[in-house]
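User: I'm new to protein structures and would like a close look at one helix, followed by a wider tour of its surroundings. Please explain each term as it comes up.

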There are 4 protein chains.
Amino acid sequence: MLIVVMKPRVMVKDMGAVLKKIEDMGYQPHISRSGERNLIGIIGEGNEEKIKDSLSVLEGVEQIVPLSQPFKLASREFHPEDSTINLGPVVIGGEEVVVMAGPCAVESREQLLEAAEAVKEAGAKILRGGAFKPRTSPYSFQGLGEKGLEYLAEARERTGLLIVTEVMSTGDITLVARYADIMQVGARNMQNYALLQELGKARHPILLKRGMMSSVEELLMSAEYILSNGNPRVILCERGIRTFEKMTRNTLDISAVPLIKNLCHLPMIVDPSHATGKWELVAPVSKAAVAAGADGLIIEVHSHPEEALSDGPQSLKPEVFKKLMEELKKVAAAVGRKL
Amino acid sequence: MLIVVMKPRVMVKDMGAVLKKIEDMGYQPHISRSGERNLIGIIGEGNEEKIKDSLSVLEGVEQIVPLSQPFKLASREFHPEDSTINLGPVVIGGEEVVVMAGPCAVESREQLLEAAEAVKEAGAKILRGGAFKPRTSPYSFQGLGEKGLEYLAEARERTGLLIVTEVMSTGDITLVARYADIMQVGARNMQNYALLQELGKARHPILLKRGMMSSVEELLMSAEYILSNGNPRVILCERGIRTFEKMTRNTLDISAVPLIKNLCHLPMIVDPSHATGKWELVAPVSKAAVAAGADGLIIEVHSHPEEALSDGPQSLKPEVFKKLMEELKKVAAAVGRKL
Amino acid sequence: MLIVVMKPRVMVKDMGAVLKKIEDMGYQPHISRSGERNLIGIIGEGNEEKIKDSLSVLEGVEQIVPLSQPFKLASREFHPEDSTINLGPVVIGGEEVVVMAGPCAVESREQLLEAAEAVKEAGAKILRGGAFKPRTSPYSFQGLGEKGLEYLAEARERTGLLIVTEVMSTGDITLVARYADIMQVGARNMQNYALLQELGKARHPILLKRGMMSSVEELLMSAEYILSNGNPRVILCERGIRTFEKMTRNTLDISAVPLIKNLCHLPMIVDPSHATGKWELVAPVSKAAVAAGADGLIIEVHSHPEEALSDGPQSLKPEVFKKLMEELKKVAAAVGRKL
Amino acid sequence: MLIVVMKPRVMVKDMGAVLKKIEDMGYQPHISRSGERNLIGIIGEGNEEKIKDSLSVLEGVEQIVPLSQPFKLASREFHPEDSTINLGPVVIGGEEVVVMAGPCAVESREQLLEAAEAVKEAGAKILRGGAFKPRTSPYSFQGLGEKGLEYLAEARERTGLLIVTEVMSTGDITLVARYADIMQVGARNMQNYALLQELGKARHPILLKRGMMSSVEELLMSAEYILSNGNPRVILCERGIRTFEKMTRNTLDISAVPLIKNLCHLPMIVDPSHATGKWELVAPVSKAAVAAGADGLIIEVHSHPEEALSDGPQSLKPEVFKKLMEELKKVAAAVGRKL
């Protein structure tokens, strides 16, 4: 549903051309008048983007106003209740705030198992760790690949933690799916539509991170790519957007948490590690996220941050993480949640 | 303290020119070598910006790296303990989270008194309300001026609330100071240095709002203007920065709260109303701010938002505000604060 | 003129409340229907911002769409022909591209006179130089004040160049007006409304720089403050906006030049020095500005950039400036202008 | 090469830990002193990002300053002369400014052939047109796929124009390579590293568009992914970045043209259509790009913009494009280029 606002005192032939175009596209125009301007309502299901593009270039058209959100399956209008994602005993999007934690990258068997034991003991439910790493520089550590996935599987076996890990390419989906409980789409791939479409055909829940340059609407449209291809199990993640502020790695958009919870039924978590880039800010920002209504957190924990091959400066040591988990319990309780 | 990094294999005459320039400015250069590059350390107090500008244009200079923060009086290095601002029974920056609330603009005596009674009853300690309003359009309501200040004073007398109100121009300082307990510098005036300098000579505490596209460093430099002119009582306020996200009025930079608390000893509050621009996001974002360590909140409350001459859509109705105050108490307790 | 879009299937009482509110504000509502939604047109002159704020908080209102630009006197709709600003032999906004050049700050009599002679010889028509300097740090050079203005006047007398210089505070307007031919509002003061209002009562042309955090619409609204207070002689200046890109000081919004020339009748110039912050980018960016249709340029030139008290790294040496002026002549001719 | 700046008066054991870590990583530390601070230079080739991450978490480290650019093969330091890309008679990066033009998407055989004839006649050398389209919405037109590639090949045969078209996924490279002369990486895929790595193994020139929120450094690092995998033929493209300004689709970063030409030897073109999103701004911005030193332009041209399935509002009609080409010739000549 759109409204086409015509310029004041528009010529009859221009008005006619717009009406004809609307009918040619298979819609019915509804004309009304407001002062010197004609307004044309267009009703019916359809591709609003295309209608808008086609009409906005015609003579006499001043403005085209869409009346509905471009996302459908992701919207609360379509699905008013909260969606929850059930992974055996772990439920994401329910009463409990679910914490995912672990190292940025899987670097070695020992490193991963050590981190897994530590985050398990502190109360995390899901182990994070990258086997395929998107790095700005081709000369940086790119991840252990399948070896890393094997270590993740071993860590799951030992600790009972579920596994979330990133998939970067359509070619790797089958491989990653064999090991992961949740497949993650990283911020840089949020608009890699080929990847989203394939993940829409997968059976695993997808953790979709907001691109550092993406609007809330675009995040929901990317979720729509997965949902419309048949996979209803999407978890959204706010991880900071890019702004002019340089003292933090990104700027966490905390308002996006309640905003998205209002617009969309999917679970929504927050990544305070990538958002801030500084371990000393992770604790206060994690508490803020829970207080704002996040359904979970994904936090980088590394037993020896100074040895980390990636993201050491933003990783918590296990003892700091453990203390944070205790504090988060209180904040969760204060807003009627559990952790 | 700066380090000048010279280009690899720099010519002797270029090296000499840099050393001479440093000595001409009254500093002593300390040369060291790192591979193919010479490094020159410059030690001593002084105007780093000027040194940097003067040297960066010389031949052979690759990079100049400042080794210290440009703010002094505002820094924790200079003043390790938290500063508190005492206003009789109200202490800002102490254990208690202080809530300032009231309408965006003072519109009439009735409107203000009604709001004042309501926020007082809900537990606010300070009444906000603009008598001078900075508006994007010259055709918008510009505030009641002195009449508005008088209503604020009357509201204080009736309720015992303290008053915070904006001052927009050096010419208005004397007038506003006669009525206000705290004088506010709005986001658009954060770099109005003439105003900051005059307020540095005032005896009132100053509530300094971060500009919507100002960095944390710039906010602290603007505080430095006030502090260095003799007024040590500055309260900082994060109110959202401007980003590409359009669904909220601004993007609240929640990480700035713990970041600034780490760098600076001054009290730090948050304005969730301007940050989000949507009343339904004010409650979750307020809780997030308290969880992140804010020393206070400044919230827009209006008994009849639909009649408001400014910022109606982001104003809370009194009953919503009252409920929020109850919820905030729990969050404050969860992070070891009172409210 | 606005359109209020009601939610689908809105209740009669909500519809009634909106209509009543519109009538109470003195407007006549025009109802039309578009599918399941009612649309209400509001016609007449008035404060659209206020109407929007008042209605958007009512039940049942989905969206409010303004149909016209908020700026009036600055708009081409109001004033279809280009405005030109005549200063004796110099016309800004006409066929000729006018170049303003000189040092960032007036530092001494010698420095200024040297620069003035140099830019005059190269073909500049107007001398720039700050006597009052807005500096991020209170510890940086703040300008020579009235002494600086005197040197500017002397330079005018010697060279015949006109003078443009910044005014930072309402208290300084009378003083600056005594010396300047054009008074400049700096980027940080673009929304210092008290200053804009006073300059609206002045008789000098005003060079209004776009705030580094301001939209094109806000720039035009700030121009509107000056115009609506009675001063029709405003020159707009694009000088770069703040983005995430760190390799340049700001990001020059080159599209703003033709965009503003389309929307607005006022002359529009570009400041390549502040936009880039690097002297080696000033020449190519200046040519780009002229090619895009700018009516002028304001360029920093300093005989000894390494001695400059402000902005040395972005200042051109006289010989570089002279060469640039030659090159600009060709570009101006290529787009049908003179220089 | 990095410099580690230690905090003032650092403890011996912290200093020792840093030195040991540097040696453990296989580098030799060079200690020097600057006032109260120790500086440690690290020399040698290596992964600076990793060194930085590892050291920045150690006690006593204040700051780590990289002394060289993270890109190597893309840098002018490595390759001082301009790189040119030769495609038979067409040379990109030489004296001639090369214009690529055509519709956003290949929509039908007729549409494409009509556009191809028109842009050929106006003087374009390369035909653009998307067969695979990255669209924000899964419900928008996604491109004709291989059918579209066939039409492009037919248009090449008829007109002699070369073909540039987007490849969105590693799985499509072989297919696209069979038809295209230049393969394009779109802005949303600029950091799709799996794709970049595969294209590094291809023999076609790659047109790499800057992500809408990517820095210049990140663009050059993405080029580095292609170069370091063996493909030296990369063309960079500035197409606008995302800012707070809403009146244009993006903000063209015009300074990036000379900045990148200074830092990097690869050819650099500009896309004024996506940068502005408005056809009426395409002509002035194209002229600006040529004046700033761009090696080429990529412009959307559509015979019937109102019928376009994508990007109609920013497409030029053939006659407008033809006129622009005439004007561009003059601007190119004014800056010593041909077109």
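Analyst: **A covered helix in chain C**

The buried residues of α8(C) are C:Ala256, C:Val257, C:Pro258, C:Leu259, C:Ile260, C:Lys261 and C:Leu263. "Buried" means a relative accessible area under 20%, while "exposed" means over 50% and "partly exposed" covers what is in between, using a 1.4 Å probe and protein chains only. Helices (H or I, at least four residues) and strands (E, at least two) are DSSP runs, numbered from the N terminus.

Before going on, a word on the ground rules. This is a predicted model, in which local features need pLDDT of at least 70, side-chain atom pairs count only at pLDDT 80 or more, and totals for chains, interfaces and linings use all residues. Residues are numbered from 1 along each chain as its sequence is written, chains are lettered from A and ligands numbered from 1 in the order in which they are written, and side-chain values use heavy atoms, with hydrogens and water left out.

Back to our helix: α8 of chain C spans residues 256-263, and seven of its eight residues are buried, so that "mostly covered" is a fair description by the cut-off above. What do those buried residues pack against? Within chain C, their partners are α7 (216-228), β12 (234-238), β13 (268-270) and α10 (279-292). Chain D also takes part, through its own α10 (279-291). Packing is judged by contact, which means heavy atoms within 4.5 Å.

Elsewhere in chain C, let's visit C:Leu175, which sits in helix α5 (residues 173-179). Its relative accessible area is 16%, so C:Leu175 counts as buried. Setting aside residues up to four places away in sequence, C:Leu175 touches C:Phe132, C:Glu146 and C:Leu149. C:Leu149 is 26 residues away along the chain, yet the two C-alpha atoms are separated by 8.8 Å.

How does chain C relate to chain A? A rotation of 180° with 0.0 Å of shift along its axis lays chain C on chain A, with an RMSD of 0.0 Å. The two copies are therefore related as by a two-fold rotation axis. In chain C, the C-alpha nearest that axis belongs to C:Phe244, 2.3 Å away from it. Both copies use the same surface: 95% of the contact residues of chain C recur in chain A. For such comparisons, copies are superposed by least squares on the C-alpha atoms of residues with pLDDT of at least 70 in both.

Chain A has a relation to chain D as well: a 180° rotation with 0.0 Å of shift along its axis superposes chain A on chain D, with an RMSD of 0.1 Å. Here the C-alpha of chain A nearest the axis is that of A:Met213, 2.4 Å from it. Again the same surface serves both copies, and 100% of the contact residues of chain A recur in chain D.

On the chain D side, look at D:Glu218 in helix α7 (residues 216-228). D:Glu218 is buried, at 10% relative accessibility. Its contacts, apart from residues up to four places away in sequence, are A:Thr136 and A:Arg242 in chain A, plus D:Met190, D:Gln191 and D:Met213 in chain D.

Now let's step inside chain A, which has eleven helices and 14 strands. Of its 339 residues, 67% count as buried. One of its strands, β7 (residues 98-102), holds A:Ala101. Is A:Ala101 buried or exposed? A:Ala101 is buried, with a relative accessible area of 0%. Among the residues that A:Ala101 touches are A:Val119, A:Ile126, A:Leu127, A:Val301 and A:Phe321. A:Ala17, by contrast, lies 84 residues from A:Ala101 in sequence and 58 Å from it in space, C-alpha to C-alpha.

Another strand of chain A, β10 (residues 182-185), contains A:Gln184. At a relative accessible area of 5%, A:Gln184 is buried too. Leaving out neighbours within four places in sequence, its contacts include A:Val164, A:Glu166, A:Leu207, A:Lys209 and A:Ile298. For chain A as a whole, among contacts between residues at least 6 apart in sequence, 69% join residues at least 24 apart.

Finally, some words on confidence. Chain A averages a pLDDT of 92, and 99% of the residues score at least 70; pLDDT is the predictor's confidence in each residue, from 0 to 100. For the complex, the predictor gives an ipTM of 0.91 and a pTM of 0.90.
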